[in-house]
Amino acid sequence: MTAAAGAQPIEVFIADYRNAAHATALVGLLDAYAGDPAGGGTPLDPAVLAGLPSALAARPQAFSVLAFDGGQPVGLINCIEGFSTFACKPLVNVHDVVVLPSHRGQRVAQKMFSLVEEEARRRGACKLTLEVLSGNAPALRAYEREGFAGYQLDPAFGTAVFLQKRL
């Protein structure tokens with residue numbers, strides 16, 4: 001998207017979890033996502049909101065990309081570095097992708113993913129991974145535009161399925 005005359009373009013950058021403005025943006029955007037039907041429809045617990053920035057800051061394998069339009073936060077991607085045993089290299093799991101409704105369809109996610117990929121390459125990662133709900137067609141289209149596809153090794157065994165077990 002080209003910025004209108006006099007308007008500033010969307011700015012994307014790696015969040016500094018210890019920066020109060022970044023921390024506030026991160027928890028605000030993540031809470032907005034959690035409250036959306038695609039994020040479960042339930043706001044985050046206040047203890048999560050209060051503790052998340054410092055918990056992420058304590059994990060060097062975590063990084064987040066923020067998108068701002070002027071002084072307003074409009075997008076977030078949270079990433080956690082993992083490890084591929086088959087490649088013997090790090091991988092980066094894209095854990096949360098948030099774009100506020102006011103900025104959807106403006107390629108904010110594309111701009112954030114560009115920086116995520118840059119940081120993943122800097123870390124020596126062999127791939128990016130993510131999970132998405134099968135009914136979230138707009139997100140699926142956005143991820144496919146970014147080069148994501150279903151994971152499979154042998155077509156006879158099908159594609160990977162994301163499972164969880166709560167503890």
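**Exercise 1. Which residues are linked with Glu-81 in a network of salt bridges?**

Before starting: this is a predicted model, where local features need pLDDT of at least 70 and side-chain atom pairs count only at pLDDT 80 or more, while totals for chains, interfaces and linings use all residues. Residues are numbered from 1 along each chain as its sequence is written, and side-chain values use heavy atoms, with hydrogens and water left out.

*Solution.*
- Start with the rule: a salt bridge needs a side-chain nitrogen of Lys or Arg within 4 Å of a carboxyl oxygen of Asp or Glu.
- Glu-119 and Arg-123 pass, with N to O at 2.8 Å.
- Now follow the links: Glu-81, Glu-119, Arg-122 and Arg-123 make up the network.
- Check the surroundings too: Glu-119 and Arg-123 are both buried (buried is under 20% relative accessible area, exposed over 50%, partly exposed in between, with a 1.4 Å probe and protein chains only).

**Exercise 2. Count the salt bridges, then set the pair Asp-36 and Arg-104 beside the pair Arg-121 and Glu-117.**

*Solution.*
- The count is 5 salt bridges.
- In one of them, the closest N and O atoms of Asp-36 and Arg-104 are 3.9 Å apart.
- That pair ties together distant parts of the chain, 68 residues apart: Asp-36 sits in the loop between α1 (20-35) and α2 (46-57), and Arg-104 in the loop between β4 (89-99) and α3 (108-122). Helices (H or I, at least four residues) and strands (E, at least two) are DSSP runs, numbered from the N terminus.
- Asp-36 is partly exposed at 22% relative accessibility, and Arg-104 is partly exposed at 46%.
- For Arg-121 and Glu-117, the closest N and O atoms are 2.8 Å apart.
- These two are 4 residues apart in helix α3, so about one helical turn separates them.
- Arg-121 is exposed at 61%, whereas Glu-117 is partly exposed at 31%.

**Exercise 3. Work out what builds the largest nonpolar core.**

*Solution.*
- Use this definition: buried Ala, Val, Leu, Ile, Met, Phe, Trp, Tyr and Cys residues joined through side-chain atoms within 4.5 Å.
- The largest such core has 22 residues, and those touching the most other members include Ile-77, Val-94 and Phe-113.
- β2 (62-69), β3 (72-84), β4, α3 and α4 (137-145) each supply at least two residues.
- α3 gives the largest share, 7 residues.
- Another core of 16 residues lies apart from it, with Tyr-17 and Leu-76 among its members.

**Exercise 4. Lay out the sheet.**

*Solution.*
- The sheet is open, with 5 strands in the order β1-β2-β3-β4-β5 and mixed pairing (strands pair if DSSP finds at least two bridges between them).
- β1 (11-14) and β5 (128-130) are the edges; each has a single partner strand, so one side of each has no neighbour in the sheet.
- β3 and β4 run antiparallel, joined by 10 bridges.
- One partnership to look up: Phe-83 bridges to Pro-90 in β4.

**Exercise 5. Find out where Cys-88 and Arg-107 sit, and check their phi.**

*Solution.*
- Background: most residues other than glycine have a negative phi.
- Cys-88 is not a glycine, yet its phi is positive, about 55°.
- Cys-88 lies in the loop between β3 and β4 and is exposed at 58% relative accessible area.
- Arg-107 also has a positive phi, near 65°.
- Arg-107 belongs to the loop between β4 and α3 and is partly exposed at 37%.
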